[in-house]
Amino acid sequence: MTVAPAATGGEPMSDDLLLNASNVTKRFGGLVAVHDIDFTIPTGSIVSLIGPNGAGKTTFFNIIAGIYDPTAGVVEFGGRKMIARSKRAWLEPFIWFSPGFVGIIATIIASGAGASEGTIFIMAGITLVALMATMLVGVARPPGYQHALPRIGIFKSARPNDMVGVGLGRTFQNIRLFQNMTALENVLVGMHTRLKATWLDAMFSTPRDRREEKEAAEEARGYLRLVGLRGKDGELAKNLPYGDQRRLEIARALGSKPKLLLLDEPTAGMNPRETQDMIVLINRLRRELGLTVLLIEHDMKVVMEISDRVTVLDHGEKIAEGSPEAVRGNPKVIEAYLGAPAE
Amino acid sequence: MKATPRVEDDKKAKVPNDISSFRVWRKRLVEAANKHRSWTIVISMAIGSVLLYFWAAFPPFSFVQSQNTWISGFVNAGVFILLALGLNIVVGFAGLLDLGYAAFFAFGAYLYAFGASPFTHLHLPFLVLLLGGAAVAAVFGIALGAPTLRLRGDYLAIVTLGFGEIVPIVFLNAEKYTQGTNGIGGVDRPNIFGFVFPGIDQTAYYVLMSMVVTIVLILVYRLLDSRIGRAWAAIREDELAAAANGINTVTTKLAAFALGATTAGFAGVLNASKLTIVDPTQFLFTVSFTVLAMIVLGGMGNPLGVAVGAFILYNIQAVLLKQLNAVFDNLNVPILQDIDFVKFQFLLFGIALVLFMMFRPEGLIPSQRRRQELHSADAESSEDLALVAPEAGEVAL
């Protein structure tokens, strides 16, 4: 087998970390789903996260993807702090309302000082517009605003779409394609962050919009070919066979040109041949697109074959970490999977 | 004599040939229409409007009412078409149920009343106010959208319902600025580059309305097929997956609210300039409900279906029901004479909605995507796919 050079330690791993999660904890009420996990993903590697059902793998995954805020801990992506527990989030509404508040005070003072009705009307209008503008910025959270917030001591975790913006693509454990869109449209939705046409471009059908749509469709077909869905771009997602749906979900995630691809059980429910194809595909993605991959998987054969490093979770805690061989022989791991040996 | 059998052969061969060539031509026509959709809309709207305008003077239209009354009714129907196209962006494209849509209609109308009436002594140009009304409605669309976008489904519907109730009440009670129940009367008729629209003859309004509807139809179709149209469809299908693919769900939904409100703003200005009076009773919940019913019956998500649905439903409510009254009055049937069909319109809408939900949930002229959603595993749709897929595949190769 030449598909897994890293498993034998043949491929040097670069030292810089694409993702660095430290002390991540997540509680749901009284349940500690993930407890104090340190986890790093070196650039260019394939890292696996395994563990029995309910071990907290998917919760951890969702924290990285920006869906849940962690109860404690920090996740850095590409050297930047992206996800952590919110800090002084209650201050944020004050920022939104301060321009409106100033405007209201100014209007009241003006009316007290006997300004004309027209002036007061205009001042009230300006207040309203200012209030709306700040609200809009607060709700839409453009990147500039997000970068500015930490400087005044407020921190809020990135949302899923922000994580996609910085270079994270993901698939879901239970396939979540847009069922009633064609395969091509699914990939085009995946490319959303990279397309620049606004609704104004679309309305006036500007040359930029038309050129972009054309090029995007061409590129999307390229991704479909890459994952092995050549010629299926007109098919509705829900009419594709199961294995193809998994592949389409990967193609959709590739659309955003991610640096890190999170795959949540990509071979679940596949037969051995399809599984083998998936292994080949994942290796190919790393080789051709330079992707870093984080894998959650139940199929040990897949994990052992393609991972550079394996991390084992059980009951929300990290119980082992290391090369596939080391993990395979670890008594704690064997215990977690097979139960403690009878005394 | 020699040629005869050959001719017969030709004739035999021609029968299927004709059908297939008809199919080929139809296919070509559909392809051309899809390729040059904006031109298709312009041409068909132009032909349709001209045809309707002159036909209104002849049977069967002329049996019912005069040509001018018909034209006036068509203009009113145009207002509802605009409303339906706008609400379709919010409900049909983005999947956000908005029950207070008439509020945005009110903002457009009141802006025109403030900008061009003896009440404020302002007489601004019509076209400026047309755009201004749309802009103001869009601003309020964002104002409503921004705080409510974390809500979903039922909750969003309740909030928008509240907003739709608040707005007419504010206009009703702010008597100092809106003259309350009396409304603002004597609003200017449109004045476009010195041409003042006459009050009795509705032709000018009809032409203007046809043009506005055409433009809005083109823009709405373009939106549907664009990056943002795909984002709306994605949010409608699976919001989490949409966010996980980089779509900023907040701004995308806000755009839907703002663009939907814009269209209502146009409709409000046009309606105010036609009626020359604006009062709060024009913007009650019944308007929001009627427009929603038009969308559902016409085919949610499909601009053409929505426009046709609005046109038909408006004419049923404004013409057919009145005519039924007149017919039964003349027939001298005691019980039927006492029934006022106009008062039953919402009962009839309700029945129509129930029947449509049972037998044709996708509406009169459905959008392709909505139909897929509603009839998930139909043999018919998979047959369609079998025809389409190989072609699309060839393009890919």
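Which residue of β2(A) does A:Val24 stand opposite? The partner is A:Ile37. Keep that pair in mind as a way into the sheet described below; bear in mind, too, that this is a predicted model.

## Chain A at a glance

Let's start with the overall layout. Chain A has 343 residues, and 39% of them count as buried. Its C-alpha atoms fill a box of roughly 90 × 55 × 35 Å along the principal axes. In secondary structure, chain A comes to 13 helices and 10 strands.

How about contacts along the chain? Looking at those in chain A with a separation of 6 or more, 69% come from residues 24 or more positions apart.

## Three domains

The domain assignment splits chain A three ways. Domain 1 is pieced together from 1-85, 159-167 and 258-343, while domain 2 covers 89-151 and domain 3 covers 177-257. Taken over C-alpha atoms, the centres of domain 2 and domain 3 of chain A are separated by 40 Å.

## The β2-β1-β4-β5 sheet

Back to the sheet. In chain A, 4 strands line up in the order β2-β1-β4-β5, making an open sheet with antiparallel pairing. The edges belong to β2 (31-42) and β5 (80-84) of chain A; each has a single partner strand, so one side of each is left without a neighbour in the sheet. From one strand to the next, the twist averages 20°.

Strand β1 (residues 17-28) of chain A runs antiparallel to β2(A), and 8 bridges join the two. This is where the opening pair fits in, with A:Val24 opposite A:Ile37 of β2(A). A helix packs on the sheet as well: α1 (residues 57-64) of chain A, which touches β1, β2, β4 (72-77) and β5 of chain A. The direction of α1 makes about 120° with that of β1(A).

## Where chain A meets chain B

Now for the other chain. On the chain A side, 41 residues are in contact with 39 residues of chain B. The elements of chain A that give two or more residues to this side are α3 (117-140), α5 (160-166), α6 (183-190), α7 (199-204) and α8 (207-226). Of these, α3(A) gives the most, with 5 residues.

What kinds of residues make up the side of chain A that touches chain B? They divide into 18 nonpolar, 12 polar and 11 charged.

Technical notes. Residues numbered from 1 in each chain as written. Chains lettered and ligands numbered in written order. Predicted model: local features only at pLDDT ≥ 70, side-chain atom pairs only at ≥ 80, totals over all residues. Contact = placed C-beta atoms within 7 Å. Nonpolar A, V, L, I, M, F, W, Y, C, P; charged D, E, K, R; others polar. Buried ≥ 20, exposed ≤ 12 C-beta atoms within 10 Å, placed from the backbone. Pairing = 2+ DSSP bridges. Axes fitted to C-alpha atoms, helices over the stretch in contact; angles between N-to-C directions. Domains from an automatic or database assignment.
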